[in-house]
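Q: Please take a close look at the paired charged side chains in this model. Start with the chain as a whole, then go through the pairs and the places around them.

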Amino acid sequence: MATFLHRLGRLAFRKRWYVILMWVAVLGAVGIGALKAPGASDEEFSMPGIESQKAFDLLEQRFPGVTADGATARVVFVAPSGEKVTAAENRKAVEDTVADLADGSQVANAVDPFQARAVSKDGTTAYATVTYEVTASDLSDAAKTQLEQAIDKARDSGLTVEAGGNAVVGRSGPGGTAEVIGVALAAVVLLVTFGSLAAAGLPLLTALIGVGVSMAAILALSDAFGLSTTTGTLAMMLGLAVGIDYALFVVSRYREERANGRTPEEATALATGTAGSAVVFAGLTVVIALAGLSVVGIPMLTKMGLAAAGAVVVAVLIALTLVPALLGCWPNAVLGRKARGSGRIEESPGTNGGTRWSRFVLRRPVPVLILGVIALGALAVPMTDLQLGMPGDEAKQTSTTERRAYDALAEGFGPGFNGPLTIVVDAKGAADAKSAAQTVAKEIGATKGIVSVSPANFNEAGDTAVFAAVPATAPTDQKTKDLVTTIRDERPGIESGTGATYVVTGTTALNIDISGKVQSALVPYLLVVVGLAVILLMVVFRSLLVPLKAAVGFLLSVLASLGVVVLVFQQGHGAEILGVDQTGPIMSLMPIFLVGIVFGLAMDYEVFLVSRMREAYVHGDRADEAITSGFRHSARVVVAAALIMIAVFAGFIGESDSMIKMIGFGLASAVLFDAFVVRMAIVPAVLALLGDKAWWLPKWLDRILPHVDVEGEALTRRADAEPAPAETDPASAAPAELEVTRT
């Protein structure tokens, strides 16, 4: 591996302009494809194998011609204080608004609340349902504008008018002020780390090129593979973070090799062969974790994982080719200011912050280990109160019309009105279909916790009915979830008496089904992903205990990060600081989603840090000396890489989408815990206690595992033995003869 990457780095250095032109051509090709593509859509959520999805499939089968995924808008009218919407003047304003809504572009129908009896008992609140002929993603700007104008006109009459539904939600693509702030913070970290604008700018430039290629490819393939805007946001988030980090490690190793007296070409080749090997294996762990999301069996999650894995692959390829090519164009620009000005490259001192910290841990491994485990364990405690669900309009900011419409409906019609249960009755096997459906509706309506049941709506064949049952409690309330379970448990008795079967769906039922499927898939997912990654790390480190220690450290990180997510987004501690107006259940996909991404990122730091320890150990250092050597060479860069990832992920906390906000916060927290507590404290403490046993591998296993020479031992021996080749290319020659000063 190291030898191949060494040759690749040397080739990229020598053929730098061809490499640069190749990436420009790739970016241009996918960019043209993205411009011609119709664009990413808001993907319809589906989850095969659960009852709620079976209900949706049954509706589409038995009610042909009905657009189940058509866009809808629910316009809510609230009378001024002391008045009723049924008053003559207010009623006329509502009816005029409904007429305006019905005349809108792409509108299928708009239901008058007074005809549909959609008025609250106290007469203060009413709502009109607008159904569109197309899906939310295909809704035209003209249709959205007409909806907004009708609402504004109604407000002029003195009514409070708000709107919810997927027709109101604007599509928010990736990218924004928050992300720019994250990139700016990353630039500051790089500048402080390297002390050179070029060294700081190169990782940013290559990462942005990689993100550009990935995002353009996603847009170009969005129509063919049904990729959504959320998929693109995740790919950009991870592509930007790992792209900066991977380039950072190659550039850092290049500067180190230059300080060791290597020529620019040989330093580039060695950096690609050694740091590049770590990049490859770190990238593989991330790809395994992301691609492994397909094990869960959720199409949307599978697409998100594969798209993000593709962005990581692009970041790895750029770090191995484009970064060496740019180093060939400006070999001295990435060096420190003193080196560029004086022609003297000073080798890194024997003692630095990483060295001092490692020695501190080596002297006190037990207290450091205990303190680190207790700290992460304490942060993980709130996870025991974890409640899963899918955030809806109730989780949005109060400044949005969707949230205000949600609150108005809850106040006027009861908290359960925003989460009705949809009951689909299959009466094909019943002697009297209508009687059977009415019996099912009567039995469910008599269930404790149900406040009302709508009239059953039959299909043309008359063998299938659908009706809504409104709970007394809110959609995210535990009592509502218990109610769904009760209705499903009563099914055998009701079905045996009617000859008809029924299934329960709706927001609350869907959340319960999703949570159950995710929880059942979590253990298989962990076994597959962690198992593959442990095997991969065995190949990298030639050790049995180091990979196992890495997996345990990851579990501590992910549990602690889930704990703080619960602390903020569910329990509300510090929620206002992050712009979270409404706390509630944690997104159902969050645990498995966080597990997948955090595992990949955690292994990044494990590979970068421990590979330098392994390199020193292989080259003859004692176990404790290898730990110190690894920290001396890698601690500063690992800290910088972690700060960059935290900055990038934290930037997404500013997104209005509650799911993206939660993911950004969870990932930033996880990187903070994993990099600074697990990898920088717990890992050296465990290695110090294990000593030489940390690098033990059974002989039979050593024979089975392939040898990849990630440490670049063969490269180092050859580079030390061979004389440095004379520079012939003026583009790679220094402006002045560089002299190496060892300190």
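A: The account below goes from the whole chain to the salt bridges, and then to some further sites.

This is a predicted model, in which local features need pLDDT of at least 70 and side-chain atom pairs count only at pLDDT 80 or more, while totals for chains, interfaces and linings use all residues. Residues are numbered from 1 along each chain as its sequence is written, and side-chain values use heavy atoms, with hydrogens and water left out.

The protein has 24 helices and 13 strands; these are DSSP runs, with helices (H or I) of at least four residues and strands (E) of at least two, numbered from the N terminus. Of its 743 residues, 54% are buried. Buried means under 20% relative accessible area, exposed means over 50%, and partly exposed lies in between (1.4 Å probe, protein chains only). The accessible surface is about 30,600 Å², with 59% of it belonging to carbon and sulfur atoms; areas come from the Shrake-Rupley method with a 1.4 Å probe, and for residues only the protein chains shown count as cover. Of the contacts between residues at least 6 apart in sequence, 80% join residues at least 24 apart, where contact means heavy atoms within 4.5 Å.

Side chains of opposite charge can pair when their charged atoms come close. The structure holds 23 salt bridges, each being a side-chain nitrogen of Lys or Arg within 4 Å of a carboxyl oxygen of Asp or Glu.

One of them joins the side chains of Glu265 and Arg14, at 2.7 Å from N to O. This pair links distant parts of the chain, with Glu265 in helix H9 (residues 264-291) and Arg14 in helix H1 (residues 2-14), 251 residues apart. Glu265 is buried, at 13% relative accessible area, whereas Arg14 is exposed, at 51%.

A second pair is Arg262 and Glu257, whose closest N and O atoms are 3.3 Å apart. Both Arg262 and Glu257 are buried. Glu257 lies in helix H8 (residues 229-259) and has a relative accessible area of 6%. Beyond the residues up to four places away in sequence, Glu257 touches Ala267 and Leu270 as well as Arg262.

A third pair is Asp407 and Arg403, with 3.1 Å between the closest N and O atoms. Asp407 and Arg403 are separated by about one helical turn because they are four residues apart in helix H14 (residues 401-413). Asp407 is partly exposed, at 34% relative accessible area, and Arg403 is buried, at 7%. Elsewhere, salt bridges that share partners join Arg10, Arg14, Glu265 and Glu266 into one network.

Another charged residue to examine is Lys661, in helix H22 (residues 658-690). Lys661 is buried, with a relative accessible area of 7%. Apart from its neighbours within four places in sequence, Lys661 contacts Gln397, Phe569, Leu578, Gly579, Val580, Phe652, Ile653 and Glu655. Its C-alpha atom is separated by 9.0 Å from that of Gly651, 10 residues away along the chain.

Helix H15 (residues 433-445) carries charged residues too. Its 13 residues reach 18 Å from first C-alpha to last, close to the expected 18 Å, which is 1.5 Å times one less than the number of residues. The buried residues of H15 are Ala433, Ala436, Ala437, Val440, Ala441 and Ile444. Down the axis of H15 these buried residues fall within an arc of 135°, so they line one face of the helix; the arc is that of the directions from the helix axis to the C-beta atoms. Lys434, Gln438 and Lys442 are exposed on the other side of H15. At the start of H15, the backbone nitrogen of Lys434 has a side-chain oxygen of Asp432 within 3.4 Å.

Two loop residues complete the account. Most residues other than glycine have a negative phi. Arg542 is not a glycine but has a positive phi of about 50°; Arg542 sits in the loop between helix H18 (507-541) and helix H19 (545-570) and is buried at 8% relative accessibility. Gln106, also not a glycine, has a positive phi of about 65°. Gln106 is in the loop between helix H4 (88-102) and strand E2 (107-110) and is partly exposed, with a relative accessible area of 22%.

Technical notes
A polar contact is a pair of N or O atoms within 3.5 Å; within protein, one must be able to donate a hydrogen and the other to accept it, and residues adjacent in sequence count only if both atoms are side-chain atoms.
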